[in-house]
Protein chains: 2
Amino acid sequence: MTWSFLRRYARRSERFLIGLMSGTSADGVDAALVRISGSGRATQATVQAHRTTPYSEEMREQIIAVASGYFKTSGISTLNVALGHLFADAAEALLEEAEMPLSMLDAVASHGQTVSHTPWAEPHGATLQIGEAAVIARRLGVPVVSDFRAADVAAGGQGAPLVPYADWCLLTHPTRSRAIQNIGGIANVTYLPARAHPQDVMGFDTGPGNMPIDTAADRLTTGRLHCDLDGRMAALGTIDSDLLVRLLVHPFLRMSPPKSAGREEFGEEFVKPLIDAILARSSPTSARDLITTLTAFTAYSIYDAYRTHLPAMPDEVIVGGGGAHNPTLMRMLRDRFEPISVLTHEDVGIPGDAKEALAFAVLANETLLGSPGNLPAVTGASQRVILGKLTVP
Amino acid sequence: MTWSFLRRYARRSERFLIGLMSGTSADGVDAALVRISGSGRATQATVQAHRTTPYSEEMREQIIAVASGYFKTSGISTLNVALGHLFADAAEALLEEAEMPLSMLDAVASHGQTVSHTPWAEPHGATLQIGEAAVIARRLGVPVVSDFRAADVAAGGQGAPLVPYADWCLLTHPTRSRAIQNIGGIANVTYLPARAHPQDVMGFDTGPGNMPIDTAADRLTTGRLHCDLDGRMAALGTIDSDLLVRLLVHPFLRMSPPKSAGREEFGEEFVKPLIDAILARSSPTSARDLITTLTAFTAYSIYDAYRTHLPAMPDEVIVGGGGAHNPTLMRMLRDRFEPISVLTHEDVGIPGDAKEALAFAVLANETLLGSPGNLPAVTGASQRVILGKLTVP
């Protein structure tokens, strides 16, 4: 293959890419087959098929071992190649499921597996994603864009979040302003004014997502449940307004963006005193009410974040991530945001579970067209840069 | 920058690249500024300037720690970025020395620092070079080709040696067959028949290089000397023919190529019994004669390797690597090969110390022109592949 494929790629009215993503929880590989045309705000992308290939328990343990400490250097090198093969397996399985011949595929976008992310390190920030692109290119016979975060970090950015640019490409509306609200462990928003230019986009962590709810559910059921499945516990309780008011003065919520939260702010340490108070019966709140109140905390903190930090309330909110599967949380968001519409990704034609894999396909499309894919206002980079490394088969 | 630079690159009659290389000894970064035209066997390349930027002792220790065992994953990630900056420093210093404006530079070829190389691993071979290309691209503002070995390993090859392809590009002669003999710790040859096609090229380790000589010099001077500088000790002794005959039946020398040797074959373990015999006065050989005999061992084993494994003796031998700086070794080679000419790289217009950095610039030139850069007969790969990943600023 020669580089002339780049010209052919640019000329094609419709392109097929596979986006491959594995999150820090290291559950498995999310793969999305994406049909894409145009670029930038004119991007049209539809997910043709998507699937999650779970990691084996052994692979997951190895990734977590590498990501959380010391490891044999040769082990990291062989894991890099093993993950390349797993990513290629995931892409092949997806093509088979979609009954899409390999010859129709134009490129693969591989985020890889993050094993270290220290953009704040001195004297130079760093980030490391593994999953050898040369293996994927070799196995699938198409160009691979990989290693999206390094260029943004090299330009002084945090290398994250990168999804807001894809949100801008896909979800900017000609007349309505939108907040794209992802609710994972932590919740984050991309704010897209109507007809936004890239520099108009805002993105930051709004605060708690599912993490406090999941942590409390786990503790209160002594590990029987790892989350409040379908928001069932939250649906049965009532909000403890006094507690909710106390939670909503959390210092993170007052900080101005750009800001990002983690396990430190809303994990064990945050939840423990609340649980302890219930177990010691020194709190009037019941276990069930605590789950309900923490669910409301996530919903209200999102609303407060918009009121405090966005230039204007959006015309609509589009929710994604695990939180979109929690009907109690969704109901609370709708109540709070009324009359602003609170939609899911599915409501705008995007399968929520494939969102990140789709986003990296969109970012690879920009890279293959020679366009930058970061948003300096969001990542803190000194300028817009072309993301990723290109490997050809 | 958009991908159209690839078209401009291909059209340019003359291109300027910087090759960056750091060997496994982790001494520092070799940088070569190369003026290059053509491609494949029509490649014309001249080294305009070259320099070695030594690593600080601290950096060297960190690289060796990473390469030889366990390390913090975040430490590998920050080392990857730190090396990217050191490579960029080396390139900038070279440009300054050469009084070459940055705007004249077309691309950088960065081999990186090998921290793991296990191409024989099961189920998949692996290799890992670090030195973040996104940092180099950002700092110098030109495209960077990096990570040359991964694609060959992904194609089932050893990912090494890669220099033979560059030898073929630069040194194939219209009428004379040539052996390009590198003498590092281990010695290896690239055999180029006259007017060779890529598939005619052979490359393999001939056996001992400087390693047995250096190891013996170090042991016999109890560490006062780390090598036989300028072959001075070897020049004073005489060859012990009985010992030389015994050394030349080493099993490695009888193996058929492809083959590669290491510290296991010709390091401490190989030299120790020879030294012990001298120290116990149970050998008739003097210390000085041992150095002379080991020097002859390297020279003779190269000659024997050609006689045994090459389809025909070359018309000329072109020596490079540290061994080319050992006049005693060069004299022995010339005696042994008479009437075949034994030349140095300098004799054919290539500064020997810049050879590897030059070779990777030549390989990057192939990559940027969309041509493969490995030789399956040499690396064991199942086919020719385009080497490297491309990062644009």
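Does A:E264 count as buried or exposed, and at what relative accessibility? At 60% relative accessibility, A:E264 is classed as exposed, because exposed means over 50%. Keep in mind as we go that this is a predicted model. A:E264 sits in helix 11 of chain A, which covers residues 263-266. If you look back along the chain to A:A235, you will find that the two residues are 29 apart in sequence, while their C-alpha atoms lie 27 Å apart in space.

Just before that helix there is something worth a stop. A:P257 and A:P258 are joined by a cis peptide bond, with omega at about 0°. A:P258 belongs to the loop that runs between helix 10 (251-254) and helix 11 of chain A. Chain B offers a cis bond too: this one links B:E338 and B:P339, and its omega is about 10°. Here the proline, B:P339, lies in the loop between helix 14 (327-337) and strand 12 (341-344) of chain B. Why point these out? Most residues other than glycine have a negative phi, and most peptide bonds are trans.

That brings us to backbone angles. A:T222 has a phi near 40°, which is a positive value in a residue other than glycine. You can find A:T222 in the loop between helix 7 (211-220) and helix 8 (232-236) of chain A. With a relative accessible area of 73%, A:T222 is exposed.

Now move over to chain B and look at helix 7 there, residues 211-220, which holds B:D218. This aspartate is partly exposed, at a relative accessible area of 25%. Leaving aside residues up to four places away in sequence, B:D218 touches B:G223, B:L225 and B:H226. B:T298 makes a useful second landmark: B:D218 and B:T298 are separated by 80 residues in sequence and by 17 Å in space, C-alpha to C-alpha.

Let us turn next to the early strands of chain B. Strand 1 (residues 15-22) and strand 2 run antiparallel, joined by seven bridges. One place to see the pairing is B:F16, whose bridge partner in strand 2 is B:R35. Five residues lie between the strands of this hairpin, and B:A26 takes a positive phi near 55° in it. On from there, strand 2 also pairs with strand 3 (residues 44-54), again in the antiparallel sense, over 10 bridges. Along this pairing, B:D30 stands opposite B:T52 of strand 3. The second hairpin has six residues between its strands, and in it B:G38 adopts a positive phi near 70°.

How many of the 10 residues of strand 2 of chain B are buried? Eight of them are, so strand 2 (residues 28-37) is largely enclosed by the rest of the structure. As a point of background, in a regular strand the side chains alternate between the two faces of the sheet.

With both chains now in view, look at where they meet. Contacts link 51 residues of chain B with 51 residues of chain A. The area buried between chain B and chain A comes to about 3,900 Å², and carbon and sulfur atoms give 64% of it. Within the area that chain B buries against chain A, B:W3, B:T73 and B:R138 supply 18%, more than any other three residues.

Our last stop is the empty space inside. Three cavities of 30 Å³ or more turn up in a search of the whole structure. The largest has a volume of about 480 Å³. Thirty residues line the largest cavity, and those nearest its centre are A:L128, A:Q129, A:D147, B:Q129 and B:D147. In chain A, helix 3 (73-97), strand 5 (107-118) and strand 6 (126-130) each supply at least two residues of this lining, as do helix 3 (73-97), strand 5 (107-118) and strand 6 (126-130) of chain B. By type, the lining divides into eight nonpolar, 16 polar and six charged residues.

One of those central residues deserves a closer look. B:D147 lies in the loop between strand 7 (144-146) and helix 5 (149-154) of chain B. Its phi is near 60°, a positive value in a residue other than glycine. B:D147 counts as buried, because its relative accessibility is 16% and buried means under 20%.

Methods
Residues numbered from 1 in each chain as written. Chains lettered and ligands numbered in written order. Heavy atoms only, no water. Buried < 20%, exposed > 50% of the residue type's maximum accessible area, 1.4 Å probe, protein only. Helix = DSSP H or I, 4+ residues; strand = E, 2+ residues; numbered from the N terminus. Pairing = 2+ DSSP bridges. 1 Å grid on protein atoms, 1.4 Å probe; cavity = no way out; pocket = protein on both sides within 12 Å on 5 of 7 lines; lining within 4 Å. Points joined across faces, edges and corners; volume = space filled by probe spheres on them. Nonpolar A, V, L, I, M, F, W, Y, C, P; charged D, E, K, R; others polar. Contact = heavy atoms within 4.5 Å. Buried area = accessible area lost by both parts, 1.4 Å probe.
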